[in-house]
Amino acid sequence: MAMNSDLTGLTLAEARDALAKGETTSVELTEAYIAAVAAARPLNAFVTETPEKAIEMAKASDARRSAGTVGAMEGLPLGIKDLFCTKDVLSTASSHILDGFQPPYESTVTTNLWNAGAVMLGKLNMDEFAMGSSNETSYYGPVANPWRPEGDNRTFVPGGSSGGSASSVAAEIVVAATGTDTGGSIRQPASFTGIVGAKPTYGRCSRFGVVAFASSLDQAGPMTRTVRDAAIMMGSMVGFDPMDSTSVDMPVPDFESALTGDIRGLKIGIPAEYRIDGMPPEIEKLWQQGEAWLRDAGAEIVPISLPHTKYALPAYYIVAPAEASSNLARYDGMRFGLRVDGNDLTETYEKTRAEGFGAEVQRRIMIGTYVLSAGFYDAYYLKAQKVRTLIGQDFEQAFGQVDAILTPTAPSAAFAAGEKSGDPIAMYLNDVFTVPASMAGLPGMSVPAGLSDNGMPLGLQVLAPAFDEMTMFRVGGVLESAAAFSARPRKWWLA
Amino acid sequence: MRDIPTNPDNLIAGETGDWEIVMGLEIHAQVSSNAKLFSGASTEFGADPNSQVSFVDAGLPGMLPTINERCVEQAVRTGMGLNAEINLYSVFDRKNYFYPDLPQGYQISQFKQPIVGRGTVTIELSDGSTKEIGVERLHLEQDAGKSLHDQHPSQTYVDLNRCGVALMEIVSDPDMRSAEEASAYVEKVQRIVRYVGSCDGVMAEGSLRADVNVSVRRPGGELGTRCEIKNVNSMRFIRQAIEHEARRQIEILEDGGKIDQETRLYDPNKGVTRSMRSKEEAHDYRYFPDPDLLPLEMEQEWVDAIRASLPELPDAKKARFMADFGLSEYDARTLVSDRDSADYYEAVASGRDPKLSANWVTTDLFGYLNRTGINIAESPIKAAQLGQLIDRIIDKTISGRIAKEVFEVMCETHQDPDAIIAEKGLKQVTDEGAITAVVDQVIAENPDKVADVQGGKEKLLGWFTGQVMKLSGGKANPQAVNKILREKILGD
């Protein structure tokens with residue numbers, strides 16, 4: 001019988017194999033995680049813990065295993081970002097406006113995971129409506145990064161918007177977690193917490209049942225401890241869904257089989273435009289290190305140009321808020337969630353939305369409403385869409401020359417809580433390296449690659465052509481092996 | 001805008017001279033489909049409130065629209081009925097505004113790239129003339145729910161059954177110049193959608209309703225400022241609303257005032273239009289392409305297959321009835337007014353005299369149906385029965401006059417004409433021997449009148465015919481009677 005901390009120390013692949021060999025059970029594993037979740041409440045990673053449901057699901061999983069039915073995620077306890085609707089379980093998008101909302105339906109991605117045998121530990125905290133890069137906009141309070149610089153007792157942010165997902169994976173209180181990525185919300189927090197975060201091609205994961213932020217950009221993906229874990233979990237999340245018109249009907253390859261460790265002859269692009277002004281030397285150094293690792297593994301490093309990169313972030317902050325301003329119109333206090341009554345209809349709308357939405361969400365609704373308004377549409381929204389097309393063309397041309405692209409994931413390591421929350425522009429700049437691939441709908445992943453000067457994790461990003469997640473995982477796997485990132489956060493919350 | 005010559009008959013006399021009304025219409029036609037435009041919920045009329053609402057319709061978080069192919073097909077069929085361009089590539093946009101009966105906070109519609117482009121509708125006016133009305137576009141969009149203000153003293157209830165039902169918005173050019181033209185246009189569009197089966201066109205149930213844009217101007221002069229009258233739901237109200245609105249605008253202009261561009265509602269009880277919202281209060285709908293839906297792309301073969309399956313349309317049918325059957329414009333127009341009437345007529349006329357068939361259908365049958373309020377599709381007198389009646393006239397079994405009697409019995413008993421003729425012994429006598437006997441009797445009883453005829457008063461022959469017919473109980477063949485009378489009296 002394994003000790004609890006040994007169990008929670010297992011990667012997804014290791015836990016899967018231990019379950020397969022009968023070395024543990026899903027119930028045992030789940031109990032260990034339930035205890036770990038309870039002990040890690042200072043991280044504020046969960047909005048809702050569902051221990052009873054978890055045990056029930058674990059028992060059912062063990063029963064299935066006894067009966068000889070074993071799914072790809074059989075018995076593995078996960079955390080689910082609170083952006084996913086989960087049937088009869090509070091689903092809030094970390095917003096006050098979804099107070100008490102228990103959807104009568106389940107998102108397709110979580111349905112796929114449960115069908116693969118996974119167990120739900122609860123719902124994870126996030127930036128409100130996935131708007132944020134530090135997980136400080138949640139109605140349920142900020143999430144703490146398990147990592148702290150040596151000798152620093154301040155709380156550091158886990159990144160965002162999938163901050164609860166990143167924090168819980170890094171703290172080993174879930175085997176893995178779902179995240180969603182609109183402009184970097186999986187990859188940037190993965191980088192900030194020393195874990196793997198992968199976003200598949202837009203259209204791979206169904207958006208059905210995922211609370212919408214920016215529909216043309218939102219994409220779910222796995223947040224895990226290793227590249228292999230991400231490959232396994234992504235395989236269980238994706239797939240064609242007739243309920244989502246933007247879902248893509250394409251065969252799903254066995255992502256895990258991409259991890260050959262062999263990238264000899266692959267061409268890896270290094271985009272000149274990602275070498276931005278004021279980038280900290282430690283980021284530059286890590287990027288060069290990544291280049292060297294891949295070259296040493298037999299890849300050919302090719303300098304490339306993605307000329308419209310500098311327009312990606314401003315264009316993103318037009319397109320995403322525009323879509324959000326419309327997507328969030330349904331939160332009007334009429335049918336579900338929060339309602340603050342006023343003297344008439346308009347006042348009820350105003351009070352409900354003023355109280356129900358936090359400052360960042362309100363800011364983006366206002367930006368989005370503005371850029372779509374008569375007289376401004378052409379100058380902003382239409383122009384941003386043109387930029388988006390150009391960004392896509394940049395990548396298309398680049399992928400004519402190279403098989404994958406290597407960049408830093410974020411322009412800095414995790415920062416202290418409150419450090420940037422007063423400056424939206426500084427906060428938005430966190431996504432500068434992740435947004436272009438989102439705008440182009442391309443797959444991308446962050447792999448932990450090193451530590452900053454003050455001992456905080458840093459990730460490198462691998463981008464691949466549309467629907468070529470296999471190459472992304474193949475390169476990511478080699479990068480992971482070469483980096484041999486083994487640092488773990490001190491579990492200060494246990495003290 | 002097309003240059004349409006001013007028709008003096010359409011002018012309205014004001015205090016300061018003549019005025020011309022200029023109108024364009026937006027018709028909202030509910031698509032006949034079992035499910036809504038973007039959800040699987042039922043579209044059946046008259047269900048309990050909120051019993052036909054899917055999570056998508058209710059705008060729940062994370063719900064996504066998926067297009068109903070049947071609705072797309074219906075829009076294409078309608079476009080073909082309107083002689084319009086079918087756009088193989090079209091885009092769904094979001095029209096954003098807040099209202100409790102709009103759960104998503106936006107209506108999915110088509111703004112810049114509609115599924116159907118320019119077309120033409122030929123309207124028919126009471127003086128027998130026709131006029132072309134341009135169609136600017138047809139697009140697909142979702143209907144909103146219904147706010148119920150009369151269920152509670154201080155609160156409004158919302159019924160979402162209608163929310164998400166597919167509508168076709170058909171936008172005309174401002175080509176109409178009179179209330180008659182406007183209602184003729186609505187009637188024609190109603191006929192077309194019913195022919196192609198894309199909408200049941202029942203205005204009373206709201207499945208077809210019109211927004212009328214009305215402005216007035218000096219004949220042929222600069223266009224005036226228009227007002228939009230929303231959701232008028234009967235032909236009569238359309239005419240009344242236009243007439244009222246035109247008079248209202250003329251009065252304002254003649255008093256030296258100016259028209260405010262605004263949206264107005266027609267109140268059929270008071271017979272007036274009243275302001276709903278002004279241009280200043282108009283929404284900025286912030287249209288943008290719906291990112292939940294890919295552009296709608298149709299394959300040419302799919303569209304071609306729809307065209308091949310299209311029924312003959314009213315204009316083509318009317319032309320054919322006139323050309324092939326020699327019908328008058330009036331009869332042809334009456335017969336093609338709906339598909340069932342046209343089909344009924346064709347069944348009757350098949351292999352028979354087309355004009356005689358048309359007379360019987362438009363006069364006798366329609367008269368009976370109007371009297372009894374029965375729909376032609378449910379007519380208890382079947383086309384085959386009416387055809388048999390006409391056959392008996394043609395083969396001289398009965399005369400036209402007896403046929404009217406037989407028809408009356410058919411209306412009562414719904415029996416076959418042959419059965420009625422046999423039962424009542426109405427068979428026409430063509431046996432010359434039998435007729436000769438009656439003729440001889442009449443001649444013998446009226447020697448003075450015979451002499452008059454022989455003296456040149458040939459008109460009196462008609463009196464003899466009448467006497468013979470009377471004595472034969474109407475069954476004698478009038479032509480045979482005439483012939484024998486002439487032989488006997490005049491020696492012809």
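# Exercises on a predicted two-chain model

A search of the whole structure finds 58 salt bridges over all chains. The structure is a predicted model. Work through the exercises in order.

## Exercise 1: The contact between the chains

Task: Describe the contact between chain A and chain B. How many residues does each chain give, and how much area is buried?

Solution.

Step 1. Count the residues. Chain A gives 38 residues to the contact, and chain B gives 30 residues.

Step 2. Take the area. The two chains bury about 2,800 Å² between them. Of this area, 60% is on carbon and sulfur atoms.

Step 3. Look for charge pairs. Between chain A and chain B the count is 1 salt bridge. Its side chains are those of Arg207(A) and Asp292(B), at 3.0 Å from N to O. The cut-off is 4 Å, so this pair counts.

Step 4. Add the polar contacts. The rule finds 15 residue pairs in polar contact across this interface, with both residues at pLDDT 80 or more.

Step 5. Find the elements on the side of chain A that touches chain B. Those giving two or more residues are α10 (309-327), α11 (345-356) and α12 (359-372) of chain A. The largest share, 5 residues, comes from α10(A).

Step 6. Sort that side of chain A by class. It has 22 nonpolar, 10 polar and 6 charged residues.

## Exercise 2: The sheet of chain A

Task: Trace the open sheet of 11 strands in chain A. Which strands are at its edges?

Solution.

Step 1. Write the order. It is β1-β3-β2-β4-β6-β5-β10-β11-β9-β7-β8 (chain A), and the pairing is mixed.

Step 2. Pick out the edges. They are β1 (46-49) and β8 (300-304) of chain A, and each pairs on one side only.

Step 3. Note the twist. From one strand to the next, the twist averages 30°.

Step 4. Zoom in on one pair. Strands β2 (residues 77-81) and β4 (residues 176-181) of chain A pair in the parallel sense over 2 bridges. In β4(A), Ala177(A) is the bridge partner of Gly79(A).

Step 5. Place two helices. Helix α9 (residues 281-296) of chain A lies across β7, β8, β9, β10 and β11 of chain A, and runs at about 50° to β11(A). Helix α16 (residues 469-483) of chain A lies across β5, β7, β9, β10 and β11 of chain A, at about 5° to β10(A).

## Exercise 3: A salt bridge within a helix

Task: Glu291(A) and Arg295(A) meet in a salt bridge. Why are they separated by about one helical turn?

Solution.

Step 1. Read the distance. The side chains meet at 3.4 Å, N to O.

Step 2. Read the spacing. The two residues are separated by about one helical turn because they are 4 residues apart in helix α9 of chain A.

## Exercise 4: A sheet in chain B and a helix from chain A

Task: Describe the open sheet of 3 strands in chain B. Which helix of chain A packs on this sheet?

Solution.

Step 1. Give the order. It is β5-β4-β15 (chain B), with antiparallel pairing.

Step 2. Name the edges. They are β5 (106-109) and β15 (288-289) of chain B.

Step 3. Check one pair. Strand β4 (residues 93-96) of chain B and β5(B) pair over 4 bridges. In β5(B), Ile108(B) is the bridge partner of Arg94(B).

Step 4. Add the helix. α10(A) packs on the sheet and touches β4, β5 and β15 of chain B. Its direction makes about 60° with that of β4(B).

## Exercise 5: Unusual backbone angles

Task: Is the peptide bond from Gly160(A) to Ser161(A) cis or trans? Is phi of Phe129(A) positive or negative?

Solution.

Step 1. Recall the usual case. Most peptide bonds are trans, and most residues other than glycine have a negative phi.

Step 2. Check the bond. From Gly160(A) to Ser161(A) the peptide bond is cis, with omega near 5°.

Step 3. Check phi. Phe129(A) has a positive phi, near 55°.

Step 4. Locate the residues. Ser161(A) is in the loop between β3 (119-124) and α6 (163-170) of chain A. Phe129(A) lies in the loop between β3 and α6 of chain A.

Key
Residues numbered from 1 in each chain as written. Chains lettered and ligands numbered in written order. Predicted model: local features only at pLDDT ≥ 70, side-chain atom pairs only at ≥ 80, totals over all residues. Heavy atoms only, no water. Contact = heavy atoms within 4.5 Å. Buried area = accessible area lost by both parts, 1.4 Å probe. Polar contact = N/O pair within 3.5 Å; in protein donor to acceptor, adjacent residues only side chain to side chain. Nonpolar A, V, L, I, M, F, W, Y, C, P; charged D, E, K, R; others polar. Pairing = 2+ DSSP bridges. Axes fitted to C-alpha atoms, helices over the stretch in contact; angles between N-to-C directions.
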